[in-house]
Amino acid sequence: MPDLSSNFLGIKSPNPFWLASAPPTDKEYNVVRAFREGWGGVVWKTLGEDPHIVNVNGPRYGAIHGPDRRLLGLNNIELITDRPLEVNLREIKQVKRDWPDRAVVVSLMVPCEEENWVNILRRVEETEADGIELNFGCPHGMSERGMGSAVGQVPEYIEMVARWCKQHTRMPVIVKLTPNITDIRYPARAAQKGGADAVSLINTISSITGVDLDLFAPEPTIDGKGSHGGYCGPAVKPIALNMVAEIARDPETRNLPISGIGGITTWKDAAEFMALGAGNVQVCTAAMTYGFKIVREMVEGLERWMAEKGFEKLDDFVGRAVPNVTDWQYLNLNYVTKARIDQELCIKCGRCHIACEDTSHQAITHTVDGVRHFEVIDAECVGCNLCVNVCPVEDCITMERIAEYDPRTKKPIPAEYGNWTSHPNNPMARPDAGIEKIVPDAAE
Amino acid sequence: MNEHSSGLSGSIPVGQPDIRAGRLEAEAYAKNFSDLHPPLSPHEALVEADRCYFCYDAPCTQACPTSIDIPLFIRQIQAHNPKGAAETIFEQNILGGMCARVCPVETLCEEACVRNLAEDKPVKIGFLQRFATDAMMAAGEQPFERAAPSGRRVAVVGAGPAGLSCAHRLAMRGHDVTILEAREKPGGLNEYGIAAYKTPEGFARKEVDFLLKIGGIAIETGKALGRDVTLDSLKADYDAVFLGLGLAGVNALGAEGEDASGSADAVGWIAELRQTVDLSSLPVGRRVVVIGGGMTAVDAAVQSKLLGAEEVTIVYRRGPEAMKASGFEQELAQTKGVTIRHWAKPKRLIAEDGHVAGIELERTREEAGRLVGTGETFALAADMVFKAIGQTFVPAAIDGAAEALAIEAGRIRVDEERRTSLAGIWAGGDCIAGGEDLTVAAVEDGKVAAESIHRALMG
Ligand SMILES: Cc1cc2nc3c(=O)[nH]c(=O)nc-3n(C[C@H](O)[C@H](O)[C@H](O)COP(=O)(O)OP(=O)(O)OC[C@H]3O[C@@H](n4cnc5c(N)ncnc54)[C@H](O)[C@@H]3O)c2cc1C
Ligand code: SF4
């Protein structure tokens with residue numbers, strides 16, 4: 001039986017699934033319900049200074065739906081906790097006492113003055129919480145007051161606040177990063193320089209989910225007006241995965257622990273984040289969509305997958321995919337694939353054909369000998385994978401690597417690895433880049 | 001199963017025939033003859049629409065006789081644009097509302113749906129089509145405008161699906177149309193034939209009103225070709241003529257006792273049923289036997305049952321696969337409590353005092369592809385026997401013209417464009433040879449003929 005217990009920065013939890021700092025972790029009531037369902041830990045909804053903030057009293061959320069109204073993306077304009085600091089601290093203390101085996105981390109956001117941080121850190125320490133997370137990510141409301149992503153977008157501020165926190169508390173410090181920047185490595189490096197123990201990412205992405213076409217106002221609409229919010233949910237996962245990978249493979253931050261966040265909905269999403277270097281994961285939207293019970297699927301699924309793969313503990317696979325994240329220029333141009341359509345599985349919808357015909361390389365038939373039939377024309381197929389992605393049937397179309405000869409280029413395919421860096425079409429090619437014999441045409 | 005069903009040839013117990021009205025509680029009629037399938041709610045429609053894969057060169061569209069762009073209209077439903085979806089449907093099939101209710105989709109569009117291959121469950125195209133067309137019809141909108149008047153006049157004979165479809169398309173193209181309809185009401189079999197539970201609440205009439213909103217169409221009811229006007233006079237008075245006459249005749253059984261009271265032609269009885277406002281006043285037998293294997297047989301049997309008949313049996317001379325009623329229709333009959341007996345053909349109707357008391361049947365089988373009687377007979381007791389053994393084209397209306405219309409296999413011969421053998425005369429629907437005897441096929445004929453007429457008139 002694989003061991004799912006997690007030790008992130010010395011913070012122990014029975015599994016790597018934490019609830020992210022968000023509405024699900026705003027109160028003792030919710031957190032206790034989550035722990036009963038089996039969540040490994042929580043990052044308490046962000047605390048601020050009194051007087052506590054207020055939220056809008058109209059709608060806070062907007063959403064993007066897929067087929068069957070499956071929620072794909074959620075946008076919110078909620079702020080940090082809107083309950084008095086004292087109430088939150090009392091509840092945190094109680095929860096930690098009642099649930100000693102679970103991780104309880106407290107998210108914080110106070111103005112950018114050392115004294116403000118010193119004060120709040122002292123009070124949080126009294127709760128005996130396991131650590132703190134600095135909310136430098138929130139893209140709405142708080143940022144307009146010089147907090148949240150307003151700090152997260154300036155690496156110097158991140159470094160400064162992280163340093164204060166490390167100076168004034170014994171608790172582990174996690175810096176939560178905003179994705180609303182161009183290069184995630186800079187804030188990560190700043191957090192590391194400031195002495196932070198870890199980064200967590202991503203926070204929400206600035207967004208407008210829709211426009212009410214009667215009111216001509218952004219959604220969610222409050223009295224005829226709307227404001228950008230923060231976007232999360234399954235739709236943001238690819239963005240988050242990339243940012244996690246960027247930090248995990250950056251030579252400067254490769255040893256910086258990461259807590260992965262962004263659209264995690266199933267055990268598989270979690271495993272992917274962890275394979276890209278996240279030591280644990282945080283979940284919000286999936287819980288807000290389906291309730292806390294989803295953690296049971298996550299725990300069981302991860303456990304089963306680990307057992308099947310022969311992994312005994314989380315560390316056996318954390319970061320395992322990181323070495324395989326590379327730059328485009330190092331991808332093997334001699335890896336030639338062709339699409340293959342499994343005629344047994346094919347339902348003849350023709351989506352592969354029209355996608356390829358209209359928007360790609362005219363490499364899939366629609367009629368063969370007068371019969372509706374979809375088949376790949378190797379002499380045209382560039383192996384792009386579009387047909388695989390648009391096919392509604394799983395595994396009906398797959399990519400097959402071919403060797404020796406490419407009927408499209410009508411050239412032999414070199415058996416050895418060859419990339420762009422030494423390609424003759426590359427004006428900056430370095431023929432001595434350590435790659436032998438590139439046969440250019442096969443790989444054009 | 002009928003307790004008198006075996007070896008009772010000629011020995012049916014004598015008694016008064018039990019045919020009467022009001023077999024059911026008053027409320028039961030409304031319930032029994034309400035919508036067979038209630039319409040999809042907006043939520044159901046969205047969930048169902050999401051199942052469509054938006055196929056390329058979609059098999060469903062190819063399977064629809066009117067070539068409705070089904071993936072496009074379903075996508076419009078998905079995009080919260082049901083009226084746009086309706087327009088896509090009406091562009092190809094102005095009777096898309098009726099077709100959504102009566103098409104045997106399991107042998108048309110839905111049979112072709114790729115979801116059958118994927119998971120044996122097609123997208124509910126018919127229901128979605130109804131959802132969209134209902135939305136536009138409820139809004140009282142007519143999606144099309146007439147082209148500038150062409151000054152041409154076209155006579156359409158018969159206000160059934162073929163004639164209505166033809167008239168609408170001609171009106172759209174700017175021509176003035178006069179429809180001559182022998183019956184009191186327009187609609188053809190939509191009004192007089194289709195099962196009541198497929199088109200409740202006067203839908204046939206509403207659809208005609210919807211379609212006429214295009215303008216430029218005058219309907220003259222109670223006016224029959226061959227009785228009130230001649231084909232020659234129509235040819236002389238109009239620039240073109242379309243014949244959508246349907247099938248006025250029914251096949252005779254050619255068996256002894258056929259004329260006994262209690263023996264009736266199913267189409268005629270269904271027409272009576274469709275025109276009966278208070279169904280509790282319509283008499284039906286306690287035991288009903290329906291002879292035939294098509295939709296008419298199923299409709300007569302099911303509606304007898306719904307009127308309160310206790311025992312209803314369809315007898316058909318071949319096996320289930322040979323029945324013209326689709327598997328779905330056969331199943332519907334069975335779920336409504338109708339017994340279907342295959343491999344039996346009528347020998348004679350057993351009459352008592354001039355009234356039907358039963359039917360004697362001979363078992364059949366197939367030998368080298370031919371149907372033969374086995375000589376073994378049995379009898380079923382019956383208070384009513386319905387004949388649903390096919391309708392025929394009655395050429396009387398077109399007889400006596402200076403030049404005769406060519407007939408093929410007993411119906412009017414037409415070419416691809418639905419032109420008859422006579423210049424200036426087109427035909428479509430059930431009355432033409434080689435058709436499918438479906439509402440949707442009649443609509444297509446009318447549309448194709450209208451475009452051909454338009455080309456001929458403007459060319
Ligand atoms: C009981 C029954 C159930 C059916 N159920 C279905 C079903 O569920 N689904 C399906 O797709 N199809 C069904 N059909 C078949 C479908 O109704 C026909 O294919 C369709 O109505 C044919 O249309 P049409 O316009 O050719 O003829 P009709 O609908 O028969 O219309 C012909 C019209 O012409 C008029 N007419 C005839 N002669 C003259 C004349 N001399 N002068 C003036 N007017 C004249 C008639 O009064 C009639 O109004 C059913 C048929 C029957 C009988
Ligand atoms: S008209 Fe009939 S066959 Fe055509 S799409 Fe509609 S329901 Fe299907």
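Tutor: Domain bounds come from an automatic or database domain assignment. The model is predicted, and local features need pLDDT of at least 70, side-chain atom pairs count only at pLDDT 80 or more, while totals for chains, interfaces and linings use all residues. Residues are numbered from 1 along each chain as its sequence is written, chains are lettered from A and ligands numbered from 1 in the order in which they are written, and side-chain values use heavy atoms, with hydrogens and water left out.

Student: How many Å separate the centres of domain 1 and domain 3 of chain B?

Tutor: Let's place the domains first. Chain B has domain 1 at 19-32 + 250-391, domain 2 at 42-138 and domain 3 at 153-247 + 394-458. Taken over C-alpha atoms, the centres of domain 1 and domain 3 of chain B are apart by 30 Å.

Student: Which residues of domain 1 of chain B lose the most area to domain 3 of chain B?

Tutor: Contact (heavy atoms within 4.5 Å) joins 15 residues of domain 1 of chain B to 18 residues of domain 3 of chain B. Buried area, the accessible area (1.4 Å probe) that two parts lose on being put together, summed over both, is about 1,200 Å² here, with 47% from carbon and sulfur atoms. Three residues together make up 48% of what the domain 1 side buries, and they are R274(B), Q275(B) and Q391(B).

Student: Which side chains meet in a salt bridge there?

Tutor: A salt bridge is a side-chain nitrogen of Lys or Arg within 4 Å of a carboxyl oxygen of Asp or Glu. By that rule, 1 salt bridge crosses the interface of domain 1 and domain 3 of chain B. With 3.2 Å from N to O, the pair is E329(B) and K198(B).

Student: What surrounds ligand 1, and which residues come nearest?

Tutor: Being near means having a heavy atom within 4 Å, and there are 34 residues around ligand 1. A polar contact is a pair of N or O atoms within 3.5 Å; within protein, one must be able to donate a hydrogen and the other to accept it, and residues adjacent in sequence count only if both atoms are side-chain atoms. Ligand 1 has an oxygen atom 2.5 Å from an N or O atom in the side chain of E181(B), another such distance of 2.7 Å runs from an oxygen atom of the ligand to a polar side-chain atom of D430(B), and a nitrogen atom of ligand 1 is 2.7 Å from a polar backbone atom of V102(B). The nearest residues are V102(B), E181(B), L189(B), K198(B) and D430(B).

Student: How many charged residues are in the shell around ligand 2?

Tutor: The shell includes C64(B), C99(B), C103(B) and C109(B). Ala, Val, Leu, Ile, Met, Phe, Trp, Tyr, Cys and Pro count as nonpolar, Asp, Glu, Lys and Arg as charged, and the others, Gly among them, as polar. Around ligand 2 there are 9 nonpolar and 2 polar residues, and the number charged is none.

Student: Which residues of chain B lose the most area to chain A?

Tutor: The contact takes 12 residues from chain B and 14 residues from chain A. The two chains bury about 1,000 Å², 62% of it on carbon and sulfur atoms. On the chain B side, 57% of the buried area comes together from D50(B), Y53(B) and Y56(B).

Student: And how many residue pairs are in polar contact across that interface?

Tutor: The rule finds 0 salt bridges between chain B and chain A. For polar contact, with both residues at pLDDT 80 or more, the number of residue pairs is 5.
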